[in-house]
Amino acid sequence: MAKSKYETHVLPNLERIETWARDGATAKDIAAKLKIAYSTLRKYIDLGQEGDERYTALSEAFAQACAVADEQVENALFKSCLGYNAQIVKHYKLKTVEYDPETGKRIREVETLVEARDEVHVAANTAAQMFWLTNRKPETWKYKPEAQDGDESEGSGVVLLSPVMNNPGPPDAGGGAGDG
């Protein structure tokens with residue numbers, strides 16, 4: 001009896017699949033690496049999630065690895081929202097000049113590369129803050145909040161401006177009415 005793609009392509013690579021998913025690979029990426037159809041891999045994962053014991057090892061490994069990657073991204077997004085201090089490494093040329101103690105003349109110059117650490121502040125990312133708030137507190141931070149009790153001006157945080165002209169069209173090239 002012929003073995004299934006699960007037995008030949010997926011099962012022997014469970015550890016690799018977990019590593020790929022932890023490193024951010026999607027199910028489509030993993031299917032391509034395994035040289036199987038995405039729909040086939042998705043079927044195995046779904047069957048495992050539904051309780052089919054043949055595929056639970058795959059679905060659990062995939063879910064756990066994705067959770068690790070998701071948590072890392074969430075932490076990075078949160079850090080980006082607040083701003084943070086980061087250590088950066090800079091390289092400097094250090095020039096040392098040697099002088100003859102008797103004559104005072106320059107004997108030689110030696111340049112060395114020196115590594116130094118500097119702390120910089122990475123400012124808070126307002127786009128990340130907007131994304132975070134619109135997803136975590138949508139009732140307060142919607143892009144287009146609904147008016148409360150028919151009142152469009154109070155409490156919404158959004159001011160709707162009426163257009164100055166309904167159809168402004170192109171500017172008048174001939175100048176004003178008094179030209180001429």
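Modeller: Some vocabulary to begin with: buried means under 20% relative accessible area, exposed means over 50%, and partly exposed is in between (1.4 Å probe, protein chains only). This is a predicted model, where local features need pLDDT of at least 70 and side-chain atom pairs count only at pLDDT 80 or more, while totals for chains, interfaces and linings use all residues. Residues are numbered from 1 along each chain as its sequence is written, and side-chain values use heavy atoms, with hydrogens and water left out.

Biologist: Okay, why is Arg108 called partly exposed?

Modeller: Its relative accessible area is 47%, and partly exposed sits between the buried and exposed cut-offs, so Arg108 gets that label.

Biologist: And what makes Arg106 exposed?

Modeller: Arg106 comes out at 51%, and exposed is over 50%.

Biologist: Why is the contact between Glu109 and Lys95 called a salt bridge?

Modeller: The rule wants a side-chain nitrogen of Lys or Arg within 4 Å of a carboxyl oxygen of Asp or Glu. Glu109 and Lys95 have 3.4 Å from N to O, so the pair qualifies. By that rule, the count is eight salt bridges.

Biologist: Which parts does the pair of Glu109 and Lys95 tie together?

Modeller: Strand β2 (residues 106-122) holds Glu109 and strand β1 (residues 84-99) holds Lys95, so parts 14 residues apart in sequence are tied together. Strands here are DSSP runs (E, at least two residues), numbered from the N terminus.

Biologist: What links Lys95, Arg106 and Glu109?

Modeller: A network of salt bridges. Arg106 meets Glu109 at 2.3 Å, N to O.

Methods. Helix = DSSP H or I, 4+ residues; strand = E, 2+ residues; numbered from the N terminus.
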